[in-house]
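Open the model in your viewer and keep the sequence panel in sight. This tour tells you what to select at each stop and what you will find there.

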Amino acid sequence: MRIGPFDFRPSLWPSLATLVLLPVLVALGQWQLERAAWKQGLVDAHAARIREPAQPLQSVLASSGDDLEYRQVTARGVYDLDHQLLLDNRIYRGAAGYHVLTPLHLEDAESGSDWVLVNRGWVPLGESRSQLPAVPGPAERIELHAMIKLPPAKVFGPEAVESPGTHWPQVIERLETGPIGERLNRPLLPLVLQLDKADPGGFVRDWKPVYGITPDKHRAYAAQWFTLALVLLLIYIGVNTHRHSEGIH
């Protein structure tokens, strides 16, 4: 193909390599944009919901259907401080620790389960993994303010709860209310209450709508993949384009 003073003559191997790599790079960029859109939706929902007044948990469960994420709620009940769980591998400001999950026995439950897990915040590791941190809390009846957080639908990794032990609190590797309820021998609501920062009886609480990669970073990664796709295309054109020699002596 002649384009002005240039001949474009694609050869086999550069063409095959470009046909394979170019769709992959574009697909990776598109995937990053989809992840950014999903996480931006979480950020926007969180920003809207934290401005809403808190409502009783049972009222929210009865009226909101599946639209529960980030709802501001109140709940009354009594903590079971004798059967707490420590969610492992939680990082706060570069330090390793746990999230403290405490079962709450709800008053006036109408949802078929009168137990829910309350995430009371982050605590640092003890002196060693064999020495778990102390996680005291109020033993009397309480009314708390919290935000609903739904556990991830798909979780990858080891089993949700480590080998059964006789001592509490017990360490878990991931948050799944079904297996945890079996361990506690109590049916749990399929959600977690993240205790409000202003409520007493908690630990370090720095709740965020998304953890890890932010929407802006996903968009930056997408731009990188699309840039690589463009560079690949330009290289392909460059190596297969030559100035034709007609008229040159």
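The stops below go from a surface patch on a helix to a strand and its partners, in a model that is predicted.

**Stop 1: a surface patch.** Select Leu-12, Trp-13, Leu-16 and Leu-19. These residues make up a nonpolar patch on the surface, and together they have about 500 Å² of accessible area.

**Stop 2: one residue of the patch.** Keep Trp-13 selected, and show helix α1, residues 12–49, where Trp-13 is found. Is Trp-13 buried or exposed? Its relative accessibility is 66%, and exposed means over 50%, so Trp-13 counts as exposed.

**Stop 3: strand β4.** Now select residues 72–79, which are strand β4. How many of its eight residues are buried? Six are, so β4 is largely enclosed by the rest of the structure. Buried here means under 20% relative accessible area.

**Stop 4: the partners of β4.** Leave β4 on display and add the following strands in turn.

- Strand β3, residues 55–56, runs parallel to β4, and two bridges join them. To see one pair, select Pro-56 and Thr-74: Pro-56 stands opposite Thr-74, which is in β4.
- Strand β8, residues 142–149, pairs with β4 in the antiparallel sense over six bridges. Select Ala-75 and then Leu-144, its bridge partner in β8.
- Strand β6, residues 95–106, also pairs with β4 in the antiparallel sense, over three bridges. Select Val-78 and look across to His-105 in β6, which stands opposite.

**Last look.** Turn on the side chains of the strands. In a regular strand, side chains alternate between the two faces of the sheet.

Key
Residues numbered from 1 in each chain as written. Predicted model: local features only at pLDDT ≥ 70, side-chain atom pairs only at ≥ 80, totals over all residues. Heavy atoms only, no water. Patch = residues over 30% accessible without salt bridge, like charges linked within 9 Å, V, L, I, M, F, W, Y side chains within 5 Å. Areas by Shrake-Rupley, 256 points an atom, 1.4 Å probe, with all protein chains shown as cover. Salt bridge = Lys/Arg side-chain N within 4 Å of Asp/Glu carboxyl O. Helix = DSSP H or I, 4+ residues; strand = E, 2+ residues; numbered from the N terminus. Buried < 20%, exposed > 50% of the residue type's maximum accessible area, 1.4 Å probe, protein only. Pairing = 2+ DSSP bridges.
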